[in-house]
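Student: Can you walk me through this model? I'd like to go feature by feature.

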Amino acid sequence: MNDTAAASRRTKVLLSFAIVYLVWGSTYVVTKIGVDRLPPFLFAAVRFLIGGALLWFVARLIARRRGLPWMPAISRDEWRVLMIVGFFSVFVSNGAAVWGLQYIPSNLAALLNVTSSFWIPILGMFGARAHGISPRVAVGLVTGFAGTLLIVWPGSETAASALAWPTLVVLIGCFGWSLGTIYIRNSSTSLDLMTFTALQMLCGGVFLLVPAGLAGEVTQWTWDAGGLWALAYMTIVSSCITYTAYAWLSVNVSPSQLSTYAFVNPAIALLLGWWVLEEGLGPLQLLGTVVILGGTLLVNWPRTPAANANRLNNAEREAPPAA
């Protein structure tokens, strides 16, 4: 890889991380507003169905400009991959989040998502693109976990609001997200990244219609302005833009680096929950946020030039055609 290509790739990595960190850090507050005003499963289903349709349309317009057919050929194996990813990364993960956010504050839900940062590197040690954990990365992960303990320490304002079942459901959703992430990393597809992301969102949105229908949420839908604004933000900014950035990162950086979003997002969500929704924020939460950022720095600390070049070349060789 020449210097120009390496610089371009670093720019893409930094921009993608910035989008994932900032946008998904804000989505906990926005989702909390949405599920307080609209039926939760239907809110999530509509978000992913509309977001997936928009992303599909844009992807096909780009394909047409490149002289590619409007309808790509999708094999049975690729549909299986799309459905599995949609099930874990959308249905399990987001379904658990919207249900849990009815009962727990947004900042606590965000902090629970830190557990993804431990599952992703651990699960990433297995599969076709297995990636080991270095001692420095291990220290960074432990540091991030220590920051999380400070934030949810017994007696803190966020921890005091926790309810057992919603907390457990959100944690299950985090594990489902981690499984979906590693499954994407170890899968190959002939689809371009945007088309793949759109179809996995559509699959997940269809899955989410099931609990929405069983709960009778169609008759509970209202045209609340605040809920609709939250839905628009989650559909366009979070689903279309940020899911694409995350999917690109999932095949272009190591699982340990990818997992750092789960450290940074809660720190942003904690501040926004305190500022927008007036959720609790005390000295331990502030200290824990700083420690979490320190763990992220350790995981992402620049490697030596030679090691970094080797990692970039390996990432290029290992990335599936969709990347």
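Student: What span does helix 2 reach from its first C-alpha to its last?
Tutor: This is a predicted model. In it, helix 2 covers residues 40–65, 26 residues in total, and spans 38 Å, close to the 38 Å expected at 1.5 Å a residue.

Student: And which residue with a positive phi follows helix 2?
Tutor: Gly-67, with phi near 80 degrees.

Student: Switching to cavities. How many of 30 Å³ or more are there?
Tutor: The search of the whole structure gives 3. The largest holds about 360 Å³ of space. It is lined by 22 residues, and those closest to its centre are Thr-27, Tyr-28, Ser-93, Asn-94 and Asn-113.

Student: Which helices each supply at least two residues of that lining?
Tutor: Helix 1 (3–37), helix 3 (76–100), helix 8 (164–185), helix 10 (225–250) and helix 12 (261–276). Helix 3 gives the largest share, 5 residues.

Student: What is the lining like by class?
Tutor: It has 11 nonpolar residues, 10 polar and 1 charged.

Student: Different topic: where does Thr-189 lie?
Tutor: In the loop that joins helix 8 to helix 9 (193–214).

Student: Is Thr-189 buried or exposed?
Tutor: Buried, because its relative accessibility is 10% and the cut-off for buried is under 20%.

Student: What does the side chain of Thr-189 make a polar contact with?
Tutor: The side chain of Glu-78, at 2.9 Å. A polar atom of the Thr-189 side chain also lies 3.1 Å from the backbone nitrogen of Leu-191.

Conventions:
Residues numbered from 1 in each chain as written. Predicted model: local features only at pLDDT ≥ 70, side-chain atom pairs only at ≥ 80, totals over all residues. Heavy atoms only, no water. 1 Å grid on protein atoms, 1.4 Å probe; cavity = no way out; pocket = protein on both sides within 12 Å on 5 of 7 lines; lining within 4 Å. Points joined across faces, edges and corners; volume = space filled by probe spheres on them. Helix = DSSP H or I, 4+ residues; strand = E, 2+ residues; numbered from the N terminus. Nonpolar A, V, L, I, M, F, W, Y, C, P; charged D, E, K, R; others polar. Expected span 1.5 Å × (residues − 1). Buried < 20%, exposed > 50% of the residue type's maximum accessible area, 1.4 Å probe, protein only. Polar contact = N/O pair within 3.5 Å; in protein donor to acceptor, adjacent residues only side chain to side chain.
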